[in-house]
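Hi there,

Here is the structure I promised to pass on. Have a look at it first, and then read my notes below.

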Amino acid sequence: MKIRIVLLLSIISIVSSINAQNYQTVEDINNACSTLGFSSNEEAELAVDNILDKIGLFRNFTLQECPNINNAVAKNIKNDKGYSFRYILYDNAFFNSINDKADNNWAATSVLAHEIGHHLNGHSLNNEGSNHRFELEADYSSGFYLAKMGATLEEAQSAIQTLKYEKATRTHPAKADRLLAIKRGWDKAKEDIKTKENSIDEDNDVPFAIIENAPTFPGCTGNNVEKKKCLNYAIRNHVGKNFNGGIASDIGIPPVCLKSEVVFDETTNKYIDSCTEWKPLKIIAQFIITKTGDIEIIGVRAPHPLLEKETIRVLKLLPKMSPGTQRGIPINVRYVLPISFRLTD
Ligand SMILES: [Zn+2]
């Protein structure tokens, strides 16, 4: 049993080019992999999302589960019209087995990261297979991505460590060179993270749009995106409920018509101009949700001082929130709130 495993692992680096040769067209892939439908499993999708999320890049490939290829492969494949598509094909049983061999959950992720590295480095992987430069670049990227995701160097290298064949092949560099490429990528990412951490200025505020972990409005739950959405909704709801729009008409701000149409008025039996679009009244408020979760108003721009006063009154009624954090540290978050309402006559 043990011998079989060793043999299996020793051919991994060679297998990628052998299996890859079989698929010449998108149709080939569909035929070979269609037993599972044209999809991949959720775990692999999430792993890819996680990697891309950490490096802030978008997918430029299709992820496709393909059983029995005993590997993961990045491929550029043409369809029958000659258009080229980027694919990552992977064998889920292979992922499970490499995680078992490496005895951690990073090994499969690092293989995926390596294949993502091929696509994001723009390697054109045709049916001639790979070359040493492409492989070292993809290994460097996988080390870089895994460091960003929080893996140790040992975890980032663990998939390649399972290879028993140490020498270079036609398509793949020697094991030691691949381990070194991963280390270089890993070191580079760690350097970046350190510079960023040093440059974090707790007195600076971070815009709401880019905050890592948004402030939480009381009662809001879920992940960062859901909490942001919920907070946006809650603040608008709060303003809508509490803002006294009557002030605008009390002040006597004249409504401005942007668009009108001619209609027949039956009470006067005359054709008159009827407004179909009123100019909205705009107020812009900027405030900080502080690192203690309080509201600190920076400024309000409104067409009249009384409207500014009313806006400030309403914002001061906002409840205490739990603060936003950046790399785990509570931080001031800047929020811009446009308030817009329409006056009609
Ligand atoms: Zn590769």
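These notes cover one helix, the nonpolar cores and some strand pairing.

Please keep in mind that this is a predicted model: local features need pLDDT of at least 70, side-chain atom pairs count only at pLDDT 80 or more, and totals for chains, interfaces and linings use all residues. Residues are numbered from 1 along each chain as its sequence is written.

Helices (H or I, at least four residues) and strands (E, at least two) are DSSP runs, numbered from the N terminus. In helix H5 (residues 92-102), Phe94, Phe95, Ile98 and Ala102 are the buried residues (20 or more other C-beta atoms within 10 Å of the residue's own; exposed means 12 or fewer, partly exposed in between, with C-beta atoms placed from the backbone). Seen down the axis of H5, they fall within an arc of 100 degrees, so they line one face of the helix (the arc is that of the directions from the helix axis to the C-beta atoms). Exposed Ala93 and Asn96 sit on the face turned away from the buried side.

The largest nonpolar core (buried Ala, Val, Leu, Ile, Met, Phe, Trp, Tyr and Cys residues joined through C-beta atoms within 7 Å) has 42 residues, and Ile98 is one of those touching the most other members. H6 gives this core its largest share, 8 residues. Apart from it lies another core of 18 residues, including Phe287 and Val333.

As for strands (paired if DSSP finds at least two bridges between them), E7 (residues 280-289) runs antiparallel to E11, with 10 bridges. Lys282 stands opposite Ser340 in E11.

Best wishes
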